[in-house]
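Subject: Structure handover

Hello,

Here is the structure for your work. Notes on what was found in it follow below.

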Amino acid sequence: GDTSIRGQLPGLDIIFNAFSRRLRNLFTVELAKSVNVDLASVDFDSYDDFIKGLPLPSSMHLVRFDPLRGIAVFIIEAHLAYSLVDLFFGGTGQKRTKVEGKGFTAIETTFLGKFVMKMLHGVEEAWEPVVQLTGHYLRSEINPYLLGAAATGDVMITATYKVNLGQVSGDILFSIPLSALGGIRERLKASFAITEQDNEEGAADELTRLHLQKHLLHTEVALRAIV
């Protein structure tokens, strides 16, 4: 089941959480605006159920990460996608756009594709403690049934990130086939600490914290109290 697979790969949660910090930093730099990004869930579904459950309309982008097998997908929910475009081109990003039946223009699609390309570097950094990845942007898509990212019975791992721009919020989904992890599943079975500079207040090296805690607990301190 979903829970048992996820429980066998604790490293995945660490990686997906590390990417949420990368995503937050990317938004802040690109939009010159403080943005909240939180990992909402990690789900394991058949490719068929994954396609049926996608928010529509959405801006969908196919990517590949060498040396992993298969194709991964970034999905940007429409309301969020339009807000990103609006912010980038000088708007407030707070305008609620009626998305039903509305597609993306060539300019919007190009901008969103370039934004996803910048996300690839964040994915590479988040996965670095486990495997050195090289991301490649493939193409964008609007029809989920034309994605062709996996076979119907394949299991997809989907991380859903809640992005809050203020009055407008939406989801970004990152999905990758479970089969793509074949060569590194053993490494993902071990929980690990990511030693990195996160450039955000309060982000500490978990491994260093544990070492310090261990030594501090065994430190003898002389106390003198005056009553």
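Phe-88, Phe-89 and Ile-107 make up a nonpolar patch of about 340 Å² on the surface. Please keep in mind that this is a predicted model. Of the patch residues, Phe-88 belongs to helix 4. Phe-88 counts as partly exposed because its relative accessibility is 41%, which lies between the 20% and 50% cut-offs.

Helix 4

The rest of helix 4 (residues 78-88) is worth a look alongside that patch. Eight of its 11 residues are buried, so helix 4 is largely enclosed by the rest of the structure. The buried residues are Ala-78, Leu-80, Ala-81, Tyr-82, Ser-83, Leu-84, Val-85 and Leu-87. Their cover includes two helices, helix 2 (10-31) and helix 5. It also includes strand 2 (58-66), strand 3 (72-77), strand 5 (155-164) and strand 6 (169-177). Just after helix 4, Gly-90 has a positive phi of about 100 degrees.

Nonpolar cores

The largest nonpolar core has 54 residues, and those touching the most other members are Phe-16, Phe-27, Phe-74, Leu-84, Met-119, Trp-127 and Leu-181. At least two residues of this core come from each of helix 2, strand 1 (36-46), strand 2, strand 3, helix 4, helix 5, strand 5 and strand 6. There is also a second, separate core of 12 residues, with Tyr-47, Ile-51, Val-73 and Leu-147 among them.

Leu-84 appears both among the buried residues of helix 4 and among the core residues that touch the most other members. For Met-119, another residue of that group, the contacts beyond four places in sequence are Phe-19, Leu-23, Leu-26, Phe-74, Ile-76 and Ile-172. Phe-74, one of these contacts, is itself in the group with the most core contacts.

Charged side chains

The count of salt bridges is seven. One of them joins Arg-22 and Glu-125, with N and O 2.7 Å apart. This pair links distant parts of the chain, with Arg-22 in helix 2, Glu-125 in helix 5 and their positions 103 residues apart. Arg-22 counts as buried because its relative accessibility is 13%, while Glu-125, at 28%, counts as partly exposed.

Arg-139 and Glu-141 form another salt bridge, and their closest N and O atoms are 2.9 Å apart. Here Arg-139 is partly exposed at 35% relative accessibility, and Glu-141 is buried with a relative accessible area of 16%.

In a further salt bridge, Lys-189 pairs with Glu-186 at 3.0 Å between the closest N and O atoms. Lys-189 counts as partly exposed at 40% relative accessibility, whereas Glu-186, at 59%, counts as exposed.

Glu-124

Which side chain of opposite charge is nearest to Glu-124? It is Arg-22, 9.9 Å away, and Glu-124 is buried yet has no salt bridge. The 9.9 Å separation falls outside the 4 Å cut-off for a salt bridge. Arg-22 is the residue that meets Glu-125 in a salt bridge. Glu-124 lies in helix 5 (residues 106-127). Not counting residues up to four places away in sequence, Glu-124 touches Leu-133, Thr-134 and Gly-135.

Regards

Notes. Residues are numbered from 1 along each chain as its sequence is written. This is a predicted model: local features need pLDDT of at least 70, side-chain atom pairs count only at pLDDT 80 or more; totals for chains, interfaces and linings use all residues. Side-chain values use heavy atoms; hydrogens and water are left out. Helices (H or I, at least four residues) and strands (E, at least two) are DSSP runs, numbered from the N terminus. Buried means under 20% relative accessible area, exposed over 50%, partly exposed in between (1.4 Å probe, protein chains only). Lys and Arg count as positive and Asp and Glu as negative; His and the chain ends are not counted. Contact means heavy atoms within 4.5 Å. A nonpolar core is a set of buried Ala, Val, Leu, Ile, Met, Phe, Trp, Tyr and Cys residues joined through side-chain atoms within 4.5 Å. Patches are made of residues with over 30% relative accessible area and no salt bridge: like charges are joined within 9 Å, nonpolar side chains (Val, Leu, Ile, Met, Phe, Trp, Tyr) within 5 Å. Accessible areas come from the Shrake-Rupley method with a 1.4 Å probe; for residues, only the protein chains shown count as cover.
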